Amino acid sequence: MKIVVCVKQVPDSAARVVVEHGEVTWGDAPLVINPWDEYAVEGALRLVDEQGGEVIALSMGNEQAKEALKHALAMGCKEAILVSDPQLQGVDSLGTARVLAAAVQKIGGVDLVVFGRQAIDGDAGVTAAMTARLLGFPALTLAAGVRGVSSDRIVVERAIEEGRQVVEGALPAVLSFTKDIGEPRYPSFMGIRKASRAEIPIWSLDELGLPAPQPHTSWPAVLNPPAREITTEMITGATPQEIAEKLVDKILAEKVL
Amino acid sequence: MDFSLSSDHQMAINLTRDFARKEVAPVIREAERQQQMPDFILPEMAKLGLLGICFPARYGGQGMDYLSLGLISEELEAVDSTLRVVISVHVGLNSMALLQWGTEEQKQRFLMPQARGEKIACFGLTEPGAGSDVTGIRSTARRQGGDYVLNGEKMWISLATRAHHALVVARTNPEAADPHEGLSAFIIELDQPGVSRGDIHGKLGVRSGSTGWLAFQDVRVPAENRLGEEGEGFKIAMSCLDNGRYTVAAGATGLIRACLDASLRYARERTAFGREIGKFQLIQQKIAFMVQSYEAARLLYFRAGWLKNNGRRNTRETSLAKWYATDAAFQAAAEAVQIHGAYGYSDEYDVERYLRNAKGEMIYEGTSEIHQLMQAGYALGYRVDTPLRKELPPYDPDFWQAIA
Ligand SMILES: Cc1cc2nc3c(=O)[nH]c(=O)nc-3n(C[C@H](O)[C@H](O)[C@H](O)COP(=O)(O)OP(=O)(O)OC[C@H]3O[C@@H](n4cnc5c(N)ncnc54)[C@H](O)[C@@H]3O)c2cc1C
């Protein structure tokens, strides 16, 4: 199988992301591979572990996004490709999907395009479906696992609120994985060295034959969540019984229950 | 001069940090309370390749350099000292000695499975009656035909009950004019008749680590298990410490960082007298000292790692790095507890564990006093390092990464 896994470089989930002067900033917190995409890489690697084939990691972003690609290489992806172009600054989800779809076509002969469920920075969660639409591939989103693959079909189990749903689609297809696929593997030191040495090609919009994207959505304003006033009161007492009684009185008085 | 880390180094850091944070941090408090090393730790460290990080691939290692060994030690100890202790004894004190002193056959038999993490290794130098003074060692290895017969007891041995192999220093010549020259080093397979062992409980720190004792009663050791030549045991033991101390120095650096990070978090969060305590200059001073000692400790171990990579003798530099970092870690931990006030005095926060673990580092692998004597000795010219019969091989990426 030839699988393309799309990965994004995002601020670390531990970073404190705030709005300053109308701009989003995360200070000097490190950028990491989007945690959901690590599950996507894991899912893709598991598929080729079973079925044979290769996984190509694809990212759209600036030079720093190479680190996310290196992480994917260190985990076991065979190749990595970065699409980078100054005109992609501030691109929306649809623009991203156009770029990824064009890159998948340029790679050629792809059986599966794999995504994480969403990126933890934008949290839109629509790129997988949009890319599928643009490629004309079926979109099998929120897959918890793959039940089976044949030469031209794939069967996945979707994790949905109501339970599990088994869906079948034709290949080539677009898939997004949830956490249920299993914990992402750690990179190996061999993989780390391979990733360090890897020459990651950079494709421009020109090379993909795409015009500069015209964003359909933009961010006219971003706001910090309203500051919450929290007061803490320690409830003390001689015995657990006494503390619990005081707590119950408080809860009733504050009408929490 | 180039202070930048390579992409390999950075990824080794990330890998180790992820493992320690995701898998060990959530269970460490309970493990400390139980005084029990969680069973997954050694197999998981083996699987990740941490137990063979700086050994050539042909000997089952990961082909990384000696600086990587320091970097992973720092990352491990930024979460818990017991993880770094594993690296210190298994890699630093034992396996690196095999790389340095071992015959090709010994490397195949012992280094290979150790680097792969299939066998765990420990280091038995200290005895109930002999710590700093290695010449006080009473264990004996008497030559009997093609074998040696080992008798004696080793105390305070990290991983004693977890290890398969121990590097043991024992007296082979009680008559030697210079008692240093009466010692020899052996690789002992611990799973054999005459070996007994156990864990020590009730320690101040590294409670979730394994520290124990080994006793040998008429244990037969084939001569091919002797490391180096007869009478070379003291020199070998000291060279082991050059590597073990390096990992302790790097680890203690990580401990300082952990103290700093915890203190920064708490100083921003806790308020007193109407403002966050980080705004008080006396708290800021404590933080400034932690920043200073973290950076200095890091540079000292980087230099030692650089010397090792380049095949240069580093006994003096490693001792300095170890002494400085461990004393500074204890200071940092004490101040971190202070910044946390009463909360720092409880195991609800990590800083009390840092303090307990930091104390041990000032004792093992050369007490702070011993390092002071060494440094003064070098400065005064009383102490000079003479070349060893076999030096630690310099890091050669081509040789390290090639599969034989
Ligand atoms: C958690 C832990 C793990 C350990 N793991 C290992 C291990 O894996 N393998 C191993 O072999 N050992 C291990 N040790 C033992 C450790 O290396 C020794 O404890 C250390 O070398 C000190 O020896 P000692 O405890 O006998 O103290 P002593 O040597 O008896 O020293 C007692 C005090 O006297 C001071 N002192 C001694 N000589 C002098 C001097 N000449 N001048 C000034 N002061 C002096 C010391 O600094 C110390 O303050 C471990 C110890 C601990 C606590």
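Helices and strands here are DSSP runs, numbered from the N terminus. With that in hand, let's look at one serine and then at the ligand in this predicted model.

Start with B:Ser139, which sits in a loop of chain B, after strand E1 (121-124) and before strand E2 (140-144). Is B:Ser139 buried or exposed? Buried means under 20% relative accessible area, and B:Ser139 counts as buried because its relative accessibility is 1%. Its side chain makes a polar contact with the side chain of B:Glu127, at 2.6 Å. Leaving aside residues up to four places away in sequence, B:Ser139 also touches others, including B:Asn151, B:Lys154, B:Val169 and B:Arg171.

Now for the ligand. There are 17 residues around the ligand, and B:Thr126, B:Ser132, B:Trp156, B:Thr367 and B:Glu369 come nearest. Sorted by class, the shell has 9 nonpolar, 6 polar and 2 charged residues. Strand E3 (147-158) and helix H11 (368-380) of chain B each bring at least two residues to the shell, and E3(B) gives the most, with 3 residues.

Here are some of the ligand's polar atom pairs:

| Ligand atom | Protein partner | Distance |
|---|---|---|
| oxygen | B:Leu125, polar backbone atom | 2.9 Å |
| nitrogen | B:Ser158, side-chain N or O atom | 2.9 Å |
| oxygen | B:Glu369, side-chain N or O atom | 2.8 Å |

On its own, the ligand has 970 Å² of accessible area, and the protein covers 63% of that.

How sure is the predictor? Chain B averages a pLDDT of 97, and 100% of the residues score at least 70. For the complex, the predictor gives an ipTM of 0.84 and a pTM of 0.90.

Technical notes
Residues numbered from 1 in each chain as written. Chains lettered and ligands numbered in written order. Predicted model: local features only at pLDDT ≥ 70, side-chain atom pairs only at ≥ 80, totals over all residues. Heavy atoms only, no water. Helix = DSSP H or I, 4+ residues; strand = E, 2+ residues; numbered from the N terminus. Buried < 20%, exposed > 50% of the residue type's maximum accessible area, 1.4 Å probe, protein only. Polar contact = N/O pair within 3.5 Å; in protein donor to acceptor, adjacent residues only side chain to side chain. Contact = heavy atoms within 4.5 Å. pLDDT = per-residue confidence, 0-100. Near = heavy atom within 4 Å. Areas by Shrake-Rupley, 256 points an atom, 1.4 Å probe, with all protein chains shown as cover. Nonpolar A, V, L, I, M, F, W, Y, C, P; charged D, E, K, R; others polar.
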